[in-house]
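Biologist: I am new to this structure and would like a close look at one part of it, taken slowly. Could you begin with a single pair of residues, build the picture outward from there, and finish with the open space in the model?

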Amino acid sequence: MVKPHNLFITIPTHFLCPISLDLMQSPVSLITGVTYDRSSIQRWLDSGHNTCPATMQVLTNYDFVPNSNLKRLIQIWSDSLELDHILTVVDGLRTNGNASVSLSELLCFGSRLEKNVKFLGRIRGFVPVLLDVLRCRDVDCSELVVRVLDLVRCEIEDRVEFMNLMLKSDRDCLRSLVLVLQRGSSESRIGTVRLLECIAINAESKNLIAENEGILHELIEVIGIDEDPKLIESVLSCLIPISMPKRVKIKLVRLGVIKALTRLLKHQNASVGVTEKVLRLLAAAAAVEEGRWEMMENGGECVGRMVRKVMKVSSAATEQAVTALWCICYLYREERAAVAAAEAKGVEKILLLMQSHCPATVRAMAKDLLKTFKGYSNIITFEYQII
């Protein structure tokens, strides 16, 4: 039951307990037909009384009958009171000097029930008000704004308008998001990443996000050094749509994304979801020359790691790994990558794959790779014999 926020609110008389004169939380009726709050009438009876406090009739039994209708009416009244209060809080966000208190109240309200989230999402002008607060670049307020926005993002119907407000009106919103990624809690950083994924809806928005190198740098930093699996997977999910334009792929490669992704491939305890997303990003990066070049660095370590993931994680991971290898070794004929793949027992892996019930597209790529790997496998064997 929600208590009134306004201390001077007039509570309907029939909602008050005749004993405590407080708003009833659990109304129950006695045999006399009078309704009390359960805790109050229980204390009355426990103290030795055997009468109804209102009528002073002697009770022939002490059974409580829940007054469900009255409880429902009290709940409806309390909810409407709280919703009016929430609207006042939102209206006051523009002028309130202590926005943190208001934002914390909105976050608490939205976190309780799904219907509360829907109510917040339907408030006209709610998102623009939040973005005005976000632009203040105070990290504590920005964290709270991010968490509230993350809460209601699925209720935002016009995502194009949301994207325009976030990216086009000015760059202060993105600057504040960078601050949260740098200094925020794990929860608020995850919220920030989900918001970026939410607004990456077309090529224009993806390029606008990528223009802020601080955003990309912080995202790569997470997958490069962070150990929080939930945060890492959120970042990978965000990078997949953002990295679709060619210019963004190139920028990510130059900022070190291949090295960060290779680090994740080394993790023995990486989840299936993380590994699948890593391989999907590598398959995308293989489409640009800069990405292929980075994958062949350090003796083709990244290529070798991809080979080892074939038929080891999931069918989706296998498909992404094969796609990346096919792109580098067969489509673009990168010799160093083919040699690294062959050295990582690529022929054996592909032969096993072809004996499995893999999709036709994967089988076709596997056949191409088998021809490529066999050629380099023979060369490697010959070289070892000479040595």
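**From one bridge to the sheet and the pocket**

Modeller: A good place to start in this predicted model is S29, whose bridge partner in β3 is V65. That pair belongs to a wider arrangement, since strand β1, residues 27–29, and β3 pair in the antiparallel sense over two bridges. Stepping back, these strands form part of an open sheet of three strands, ordered β2-β1-β3, in which the pairing is antiparallel. Because β2 (35–37) and β3 (65–66) each have a single partner strand, they stand at the edges, and one side of each is left without a neighbour in the sheet. Helix α1, which covers residues 38–46, lies across β1, β2 and β3, and the helix runs at about 95° to β2.

Turning from the sheet to the open space, the largest pocket holds about 350 Å³. Its lining is made up of 18 residues, and those closest to the centre of the pocket are G121, I123, V127, I156 and E157. The elements that each give two or more residues to this lining are α4 (114–122), α5 (126–134) and α7 (159–167), and the largest share, four residues, comes from α4. Sorted by class, the lining of the largest pocket contains nine nonpolar residues, seven charged residues and two polar ones.

Note on methods
Residues are numbered from 1 along each chain as its sequence is written. This is a predicted model: local features need pLDDT of at least 70, side-chain atom pairs count only at pLDDT 80 or more; totals for chains, interfaces and linings use all residues. Side-chain values use heavy atoms; hydrogens and water are left out. Two strands pair if DSSP finds at least two bridges between them. Contact means heavy atoms within 4.5 Å. Axes are lines fitted to C-alpha atoms, for helices over the stretch in contact, and angles run from 0 to 180 degrees between N-to-C directions. On a 1 Å grid over the protein atoms alone, a cavity is a set of points where a 1.4 Å probe fits but cannot get out, and a pocket is an open set with protein on both sides within 12 Å along at least five of seven lines; lining residues have an atom within 4 Å of a point. Grid points are joined across faces, edges and corners, and a volume is the space filled by probe spheres set on the points. Ala, Val, Leu, Ile, Met, Phe, Trp, Tyr, Cys and Pro count as nonpolar, Asp, Glu, Lys and Arg as charged, and the others, Gly among them, as polar.
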